[in-house]
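Colleague: I'd like to go through this model with you before I set anything up. Put it on screen and we can start.

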Amino acid sequence: MSEIIYRQYLGESDLSRIMELVQNELSEPYVIYTFRYFLHQWPHLSYLAYPSDPHNSQPIGVIVCKQSLHKNQANRGYIAMLSVSKEWRKRGIASALVRNSIEAMKEDGVEEIVLETEYDNHAALSLYESLGFIREKRLHRFYLNGKDAFRLVLALPPSYSDDSSDTSGSSSSRSFRGPSRHRSLYRTIRVQGYSDDESDYESSR
């Protein structure tokens, strides 16, 4: 089984590959400005997965995240996109990508992590719930295709520690992360132009 290598987003050279992977695998359309919104402000929270085969330079998985103050109080992480190529699924790649981003967000002092996924995406729901996420609420007609979504939440209290083993199945993996384990909270900001608040989504749909 091929070894999988995980690394953080490095810059614009990764952008076109991320866009291609996401647009091929996810139903919700995104413009380039949406990708740049996340990747330029929180590059250290986004990860790509590659096979170790030197002849394959295309990413086979990606996760894109952000971090900001929610209602000027909670330091909240948000998983915006998670995509794995169909032929590489069921190898623990999605789980490993999520775990890498969770660890990066924990280092920045995130108190909770949220995301939305289609209400009938049973594979995604099973993945996130296996990592400790719980269903907070159902969001009606959340997506452009008219489908409902579930909002999932993972609480990360200060004493939280993840001692469970990697769930990457039979694939071995390596992760490459930045050198610092105690980053400044300068990225924990109140931002405009994109929101994970339900009320903002409802008013724009």
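Modeller: One term before the loops come up: helices and strands here are DSSP runs, with at least four residues for a helix (H or I) and at least two for a strand (E), numbered from the N terminus. Also, the model is predicted.

Colleague: Fine. How many helices and strands are there in the protein?

Modeller: The protein has five helices and eight strands. Starting at the N terminus, the order of elements is β-α-α-β-β-β-α-β-α-β-β-β-α.

Colleague: And what percentage of the residues is buried?

Modeller: Of the 205 residues in the protein, 51% are buried. The exposed surface comes to about 10,400 Å², and carbon and sulfur atoms supply 50% of that.

Colleague: What share of the contacts comes from residues 24 or more positions apart?

Modeller: Such pairs account for 72% of the contacts with a separation of 6 or more.

Colleague: Let's go inside. Which residues touch the most other members of the largest nonpolar core?

Modeller: I79 and F133 do, in a core of 53 residues. Helix α3, residues 93-107, gives this core its largest share, seven residues.

Colleague: What does F133 touch, leaving out residues up to four places away in sequence?

Modeller: On that count F133 contacts I79, V98, I102, I113, L115, Y128, L152, V153 and L154.

Colleague: Some of those numbers fall in β7. Is β7 largely enclosed or open, and why?

Modeller: Six of the seven residues of β7 are buried, so the strand is largely enclosed by the rest of the structure.

Colleague: In which sense does β7 pair with β5, and over how many bridges?

Modeller: β5 and β7 are antiparallel, with seven bridges. Within that pairing, F150 in β7 stands opposite T117. β7 also pairs with β6 in the antiparallel sense, over five bridges. There, V153 in β7 is the bridge partner of I134.

Colleague: Change of topic, charges. How many salt bridges does a search of the whole structure find?

Modeller: The search finds nine. One of them joins the side chains of D14 and R7, at 2.7 Å from N to O. D14 and R7 are both buried.

Colleague: That's one for the protonation check. What is the N to O distance between E112 and R76?

Modeller: The side chains of E112 and R76 meet at 2.9 Å, again as a salt bridge. E112 is in strand β5 (residues 112-118) and R76 is in strand β4 (residues 74-84), so this pair ties together parts that are 36 residues apart in sequence.

Colleague: Are those two buried or exposed?

Modeller: The cut-off for buried is under 20% relative accessible area. E112 has 18% relative accessibility, so E112 counts as buried. R76 has 7%, so R76 counts as buried too.

Colleague: What about E103, which residue does its side chain meet in a salt bridge?

Modeller: That is K106, with 3.0 Å from N to O. The two are three residues apart in helix α3, so about one helical turn separates E103 and K106. K106 counts as partly exposed because its relative accessibility is 22%.

Colleague: Which residues are linked in a network of salt bridges?

Modeller: E118, D120 and K147 form such a network.

Colleague: On to backbone oddities. What is phi of K90?

Modeller: Phi of K90 is near 65 degrees, which is positive in a residue other than glycine. K90 sits in the loop between β4 and α3. Its relative accessibility is 87%, so K90 counts as exposed.

Colleague: S85 is in that stretch as well. Where is S85 found, and is it buried or exposed?

Modeller: S85 is found in the loop between β4 and α3. With 9% relative accessibility, S85 counts as buried. Leaving out residues up to four places away in sequence, S85 touches L21, E25, P59 and I60.

Colleague: And R141, what is phi there?

Modeller: Phi of R141 is near 50 degrees, another positive value in a residue other than glycine. R141 lies in the loop between β6 (134-139) and β7 (149-155). The relative accessible area of R141 is 61%, so R141 is exposed.

Colleague: Good, that covers my list.

Key
Residues numbered from 1 in each chain as written. Predicted model: local features only at pLDDT ≥ 70, side-chain atom pairs only at ≥ 80, totals over all residues. Heavy atoms only, no water. Core = buried A, V, L, I, M, F, W, Y, C linked by side-chain atoms within 4.5 Å. Buried < 20%, exposed > 50% of the residue type's maximum accessible area, 1.4 Å probe, protein only. Contact = heavy atoms within 4.5 Å. Salt bridge = Lys/Arg side-chain N within 4 Å of Asp/Glu carboxyl O. Areas by Shrake-Rupley, 256 points an atom, 1.4 Å probe, with all protein chains shown as cover. Pairing = 2+ DSSP bridges.
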